[in-house]
Amino acid sequence: MLPLLMSRSLWNLRHRYPLTRRQIFRHLALPNGGGEFQSGEKTLVMQEETEKQTARQMYVDIGASTITRLPFATLEPEDIAFFQQLLPNRALTDPDVLASANVDWLQNVQGLSQILLRPQTVEEVSLILRHCHLRGLAITPQGGKTGLVGGGVPIFDEVIVSMALMNHIIDFDDWQGVLVCEAGCILESLMQYVEKRGRVIPLDLGSKGSCQIGGVVSTNAGGLRFIRYGSLRSNVLGLQAVLADGQVLDLMTQLRKDNTGYDLKQLMIGSEGTLGVVTSVTLLCPPMPVGVSLAYLGCTGFPGVLATLCAARSRLGERLSAIEFFDHQCAHLVHTHLGLNPPISGEFPFYVVVEMVDSDSHEDNEKISAFFEEVMEEGHVADGTIATTPGKVKTLWAYRERIPEAILRDGHVIKYDICVSINMMYDIVTATRQRFADRIKNTLGYGHLGDGNLHLNISLTTPDPTLHSDLNDFIYGWTAKHRGSVSAEHGLGVLKRHAIGYSKSSDAIALMRRLKNMMDPKGILNPYKVLPSEL
Amino acid sequence: MAFRVLVGVKRVIDYAVKVRVKPDKSGVVTDGVKHSMNPFCEIALEEAVRLKEKSLASEVIAVSCGPQQCQEVIRTALAIGADRGIHVEVPANDELGPLQVSKVFAALVKKEDVGLVLLGKQAIDDDCNQTGQMIAGLLDWSQGTFVSEMTVEGETLKVVREVDGGLETVRLKLPSVITADLRLNEPRYATLPNIMKAKKKRLDVLKIKDLGVELSPRFQVLSIDEPPQREAGVTVESTADLVKKLKEIGKI
């Protein structure tokens, strides 16, 4: 009997040890019944599997560890009946539907949930949570499932509460640029909606076609425009969330300023669904920039990259809308795996992409020219090109935006998302490359230059848990030594929960735990995520 | 024998912009809208610059007809590799169609002793696909249109044309007019050093009257409308409902 190891390595081996749907759902045979599957050996399998279902062998980021199922209740026929009555045709137990809802985008984490709920109103969410709270059933709130740390999928048999059907735009105030919408709205559709009205959503992510605003807020997502618009913490004006016991917390407001009491919405933002289920959001949308240009620059070294950032900040000022960097290994992969011909000839150790906006469509040549002259004359930039029209800007952005896609095609990928002071951002990439040279296929560094947020990616020809463990020790150790964050944007989810100690003190973690226990005493909201297990 | 190349570059609304019709239906909104070089003109320009790099062309001249803003497009052409530019100034409100433009080009060809005219096959704003053909007619030159491959062989040009039936290979005697199709080449990006050098390249401004071309309009635009809005589909619950709906709208 093949233990259900949740590691990428096994997923990659799935062709040799195929897990058929029947095999997967045999595991749903939990003690005391529940689960629907067709297997003649039902009773026998249940008895065999009982012990196996209380613990999962899980390869999380910090070493291989076993997650033990906490003593939540299990789904009974009465629960299923309750949900089906509350949500007609929207309480789904179909194995096909659940097979996809149980797996995250990177296919690193696969849950064992038996039921997917699709509420349409906050009242329904409240009743679901109230029921689960009374019964002691664990739930996993689910958005677009695009998270990279396995936060949006269940680990055991948690009830999945999907926000997909709560996808309505409630209101838009043209005058102030305030958008009021439900948590299940897909980011890209919100972007299109507000762009028609001369506004932009204050963040931009690669996953915009699938991610939902509720998840984006719950994970405090960052993205390409962080440097211009800042964190969601200042752009989310209000929200509505359902707490663990079903109580609806209404903090919806369109006010820019409100210093009356503790700012509770900040608890929800970034807590990854462990303190409440976000159901509606009020978002401040800045005016849409009309003239957008993009410069693609080849730099002579990392000091050149830093100097370009300085020049961009001082010369471009409020015209700077994004600044990203990547090394030539990334550029090489984009060229090799995606067939994109480099926009400038010649190879440079680093590339910087600078996006500039104007408040009117007339090209502001003066400031931009001064910026280029400075970086070229001082030798920081050896060559580059600039796109000034929307079509070309989009094409040029692809060289940076499609890097993750290119890396995925290079082999088995291990991703790190760290934040340190900008001037030492690339040191860890060089150090890792040198230290692990013979064991790694490619070490790649790219990221949000202006925020000090490095995406360090490692590609291997074959998965290697020992190497992964060694890399963690090295990279997280380095980050902790430099007082950096081991997860700048991606959050902790289940895969990085045990790395929290590298960036937060045990006192801080203890206080987080007390807060969680106060708000969710039964621990039913997205268990096994964010905070490390207490064992 | 290296020849001089004249490249036409047209300033059009950028292809990525959502075009809106003016409320009075007299045209589309152009104020405050991002314009750029017509994509097919970029391809033609790229081909001209490559000829220069192979020393088959002695000089590449970029030409644009229209109001003051056309000079931005000519500057871009200079940044990509054209040697000098000519802006034929035409006030924004004046009628400027393929016939007038082709007369301008014919006049310039004679004035500048040009051996090859390279244009895009059509402009993405009017989709006329007429200018190249008319220039060839006025000058009585050979023409290769919808060209996806071009080779200079002595005093002739061998071109492959993309036509409805497939690919047609034709040999043309120089001098010639060529209009470029999509697959002729992949245009380069203008490098920063070249963008800065382009500011110093020569750009002459001529009045259309100086070339002896009359601008009398040949046709009048009656109205411009948006295409009909696509209506949302209707979801039905079952096949019976589907049949009922189809009968309601008279399809069956």
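The following exercises, each with a worked solution, concern a predicted model of two chains, A and B.

Residues are numbered from 1 along each chain as its sequence is written, and chains are lettered from A in the order in which they are written. In this predicted model local features need pLDDT of at least 70, side-chain atom pairs count only at pLDDT 80 or more, totals for chains, interfaces and linings use all residues, and side-chain values use heavy atoms, with hydrogens and water left out.

**Exercise 1. State how many helices and strands chain A and chain B hold, and what share of each chain is buried.**

Step 1. Helices (H or I, at least four residues) and strands (E, at least two) are DSSP runs, numbered from the N terminus. Chain A has 19 helices and 18 strands. Chain B has six helices and eleven strands.

Step 2. Buried means under 20% relative accessible area, exposed means over 50%, and partly exposed lies in between (1.4 Å probe, protein chains only). Of the 535 residues in chain A, 56% are buried. In chain B, 44% of the 252 residues count as buried.

Step 3. Contact means heavy atoms within 4.5 Å. Among contacts in chain A with a separation of 6 or more, 74% join residues 24 or more positions apart. For chain B, 70% of the contacts between residues at least 6 apart in sequence join residues at least 24 apart.

**Exercise 2. Describe how helix α17 (residues 427-435) of chain A packs against helix α18 (residues 465-481) of chain A.**

Step 1. Two packed helices are described by the angle between their axes and the distance between the axes. Axes are lines fitted to C-alpha atoms, for helices over the stretch in contact, and angles run from 0 to 180 degrees between N-to-C directions. Here the axes come within 11 Å and cross at roughly 155 degrees.

Step 2. That angle makes α17(A) roughly antiparallel to α18(A), the term for angles over 145 degrees.

Step 3. On the α17(A) side the contact involves Asp427(A), Ile428(A), Ala431(A), Thr432(A) and Arg435(A), which meet Leu471(A), Phe474(A), Ile475(A) and Trp478(A) in α18(A). These residues divide into six nonpolar, one polar and two charged. Ala, Val, Leu, Ile, Met, Phe, Trp, Tyr, Cys and Pro count as nonpolar, Asp, Glu, Lys and Arg as charged, and the others, Gly among them, as polar.

**Exercise 3. Carry out the description for helix α4 (residues 77-86) and helix α6 (residues 122-135) of chain A.**

Step 1. The two helices pack at an angle of about 170 degrees, with their axes 11 Å apart. They are therefore roughly antiparallel to each other.

Step 2. From α4(A), the contact is made by Asp79(A), Phe82(A), Phe83(A) and Leu86(A); from α6(A), by Glu124(A), Leu127(A), Ile128(A), His131(A), Cys132(A) and Arg135(A). The division is six nonpolar, one polar and three charged.

**Exercise 4. Give the strand order of the nine-stranded open sheet in chain B, and place strand β6 (residues 116-120) within it.**

Step 1. Strands of a sheet pair through backbone hydrogen bonds, either parallel or antiparallel. Two strands pair if DSSP finds at least two bridges between them. The order is β9-β8-β7-β10-β6-β1-β4-β5-β11 (chain B), with mixed pairing. The edge strands are β9 (166-173) and β11 (203-207) of chain B, each of which pairs on one side only. From one strand to the next, the twist averages 30 degrees.

Step 2. Strand β1 (residues 3-8) of chain B runs parallel to β6(B), joined by three bridges; Val5(B) has Leu116(B) as its bridge partner. Strand β10 (residues 176-180) of chain B pairs with β6(B) in the parallel sense over five bridges, and Leu119(B) stands opposite Thr179(B).

Step 3. Five of the five residues of β6(B) are buried. Leu116(B), Leu118(B) and Gly120(B) point one way, and Val117(B) and Leu119(B) the other way.

**Exercise 5. Is Glu42(B) buried or exposed, and which residues does Glu42(B) touch?**

Step 1. Glu42(B) is in helix α1 (residues 39-53) of chain B. The helix α1(B) lies across β1, β4, β6, β7 (142-153) and β10 of chain B, running at about 145 degrees to β6(B).

Step 2. Glu42(B) is buried, with a relative accessible area of 18%.

Step 3. Not counting residues up to four places away in sequence, Glu42(B) touches Lys392(A), Met37(B) and Pro187(B).

Terms used:
Parallel < 35°, antiparallel > 145°, perpendicular 65-115°, else oblique.
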